[in-house]
Amino acid sequence: MFRKSGNKRQVTPVFKGGIASDPSNYRPISLTSVFSKLMERVVVLTMLRYCKEQGLISKQQHGFLARKSTVTNMLSCINDWTCALMNRSSVAVANIDFQKAFDSVCHTKLFCKLDSIGLTGNLLQWLVNFLTDRRQCTRVGDRMSDPARIISGVIRGSCISPLLFLLYVNSLASIFDNDVTCHLFADDVKLY
């Protein structure tokens, strides 16, 4: 189990596109041990099984889930749009991409949400210990930055972070009335 204090991780910047000299065009990926990744994978499978049994993950979510993808997201949208057009209805579409979504997850709100859906006890405490009081250093070549305190976000490069993010944004689809359809792919939202 991770200690609550002094939890320091090493990240490496991975180029995601754009101008290479712009630091904002790099994604920080956490370098973790094989043992850590195996432990996270066990936790993810257990949490996913629970979420599926309880029907907790929105059917509109297509990201990071088995048998769901950008293709299933688009096919569902195209089907709805085609039906609307065949019924001589117009369709207005809004695409939203939350900037730095994984980095802006509020830990307190995430923990409250996990507790409210029944992910409690030792599992919740493990997740609290895993995410809070973190510090990270960035390695570029053979150079290492000073440690920086991380106050929000889920860990990029972690096996468990995609599921935590999905659970964090899961209720987004339910806030719209029946006249608006919402489809999610992780941090991308399509409204029509």
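Five aromatic pairs, counted by the program as 5, are present in this predicted model. A pair of aromatic rings is described by the distance of the centres and the angle of the planes, and two of the pairs are set out in these terms below.

| Pair | Centre to centre | Angle between planes | Class |
|---|---|---|---|
| Phe102 and Phe165 | 4.4 Å | 15° | stacked |
| Trp126 and Phe130 | 5.2 Å | 10° | stacked |

The planes of Phe102 and Phe165 stand at 15°, so the pair counts as stacked, given that the class requires planes under 30 degrees apart. This pair links distant parts of the chain, 63 residues apart: Phe102 lies in the loop between strand S3 (94-97) and helix H3 (107-116), whereas Phe165 belongs to helix H5 (residues 161-169). Phe102 has a relative accessibility of 13% and therefore counts as buried, the cut-off being under 20%; Phe165, with a relative accessible area of 2%, is buried as well. Ring pairs also bring in Phe64, which is linked with Phe102 and Phe165 into a cluster.

The pair of Trp126 and Phe130 is set within a single element, for both residues lie in helix H4 (residues 121-131), where they are 4 residues apart, about one turn of the helix. Both Trp126 and Phe130 are buried. The ring of Phe130 has a further neighbour in Arg134, whose charged end sits over that ring at 5.4 Å from its centre. Phe130 thus takes part in a stacked pair with Trp126 and also has the charged end of Arg134 over its ring.

Terms used
Residues are numbered from 1 along each chain as its sequence is written. This is a predicted model: local features need pLDDT of at least 70, side-chain atom pairs count only at pLDDT 80 or more; totals for chains, interfaces and linings use all residues. Side-chain values use heavy atoms; hydrogens and water are left out. Rings of Phe, Tyr and Trp (its six-membered ring) pair if their centres lie within 6.5 Å; planes under 30 degrees apart count as stacked, over 60 as edge-to-face and the rest as tilted. Helices (H or I, at least four residues) and strands (E, at least two) are DSSP runs, numbered from the N terminus. Buried means under 20% relative accessible area, exposed over 50%, partly exposed in between (1.4 Å probe, protein chains only). A charge sits over a ring if NZ of Lys or CZ of Arg is within 6 Å of the ring centre and within 35 degrees of the ring normal.
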